[in-house]
Amino acid sequence: MDYSSVVFGAGGESPQRAYARAKEFSDLAVRTRGPVLAFAHGHILRAITVAWMDLEIEAAARVVLDVATISILRDGDHGRVLQVWNSL
């Protein structure tokens, strides 16, 4: 299934542009050098997650994110990791 047609729809932001914005946010978070709290809709949060872990944007289609949950991304011993996902 094409991630762009499922999430972004015809005429909307391209998956590549969403991924670029997600990478920009990730870079900003790293430069902040401290905890960062983000609130957003699920599609961009999924894009941020895969960008954080240097995965392709298509991987976001396989990341299920429920509403009103907490997730934690952090630097790990072997790179950027997903520590907590979809926690209530």
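**Close-up views of a predicted model**

**View 1. The largest pocket and what lines it.** Strand β1 gives the largest share of the lining of the largest pocket, six residues. Keep in mind that this is a predicted model. β1 isn't working alone here: α2, α3 and β1 each put at least two residues into the lining. The space inside the largest pocket comes to about 810 Å³. In total 29 residues line this pocket, and the closest to its centre are Val36, Ala38, Leu45, Ser71 and Ile72. Sort the lining by class and you get 19 nonpolar, seven polar and three charged residues.

**View 2. The β1–β2 hairpin.** Here's the strand from View 1 with its partner: β1 (residues 70-76) pairs with β2 (residues 79-87) in the antiparallel sense, over six bridges. Just two residues sit between the strands of this hairpin. To get your bearings, find Ile72, which stands opposite Val84 in β2. Ile72 also turns up in View 1, as one of the residues closest to the centre of the largest pocket.

**View 3. Helix α2 against helix α3.** Two helices that help line the pocket also pack against each other: α2 (residues 15-32) and α3 (residues 42-52) meet at an angle of about 65°, with their axes 8 Å apart. Their crossing is right-handed. On the α2 side, the contact is made by Ala18, Tyr19, Arg21, Ala22, Lys23, Phe25, Ser26 and Val30. From α3 come Ile44, Ala47, Ile48, Val50, Ala51 and Trp52. Count that contact by class and there are eleven nonpolar, one polar and two charged residues.

**View 4. Asp75 and its neighbours.** Which residues does Asp75 touch, leaving aside those up to four places away in sequence? Asp75 lies in strand β1, and the residues it touches are Trp52 and Arg80. Trp52 is a face you've met already, as part of the α3 side of the helix contact in View 3. Along the chain, Asp75 and Trp52 are 23 residues apart, while in space their C-alpha atoms are 9.3 Å apart.

Definitions and conventions. Residues numbered from 1 in each chain as written. Predicted model: local features only at pLDDT ≥ 70, side-chain atom pairs only at ≥ 80, totals over all residues. Heavy atoms only, no water. Axes fitted to C-alpha atoms, helices over the stretch in contact; angles between N-to-C directions. Helix = DSSP H or I, 4+ residues; strand = E, 2+ residues; numbered from the N terminus. Left-handed = near helix turned anticlockwise from the far one by under 90°. Contact = heavy atoms within 4.5 Å. Nonpolar A, V, L, I, M, F, W, Y, C, P; charged D, E, K, R; others polar. Pairing = 2+ DSSP bridges. 1 Å grid on protein atoms, 1.4 Å probe; cavity = no way out; pocket = protein on both sides within 12 Å on 5 of 7 lines; lining within 4 Å. Points joined across faces, edges and corners; volume = space filled by probe spheres on them.
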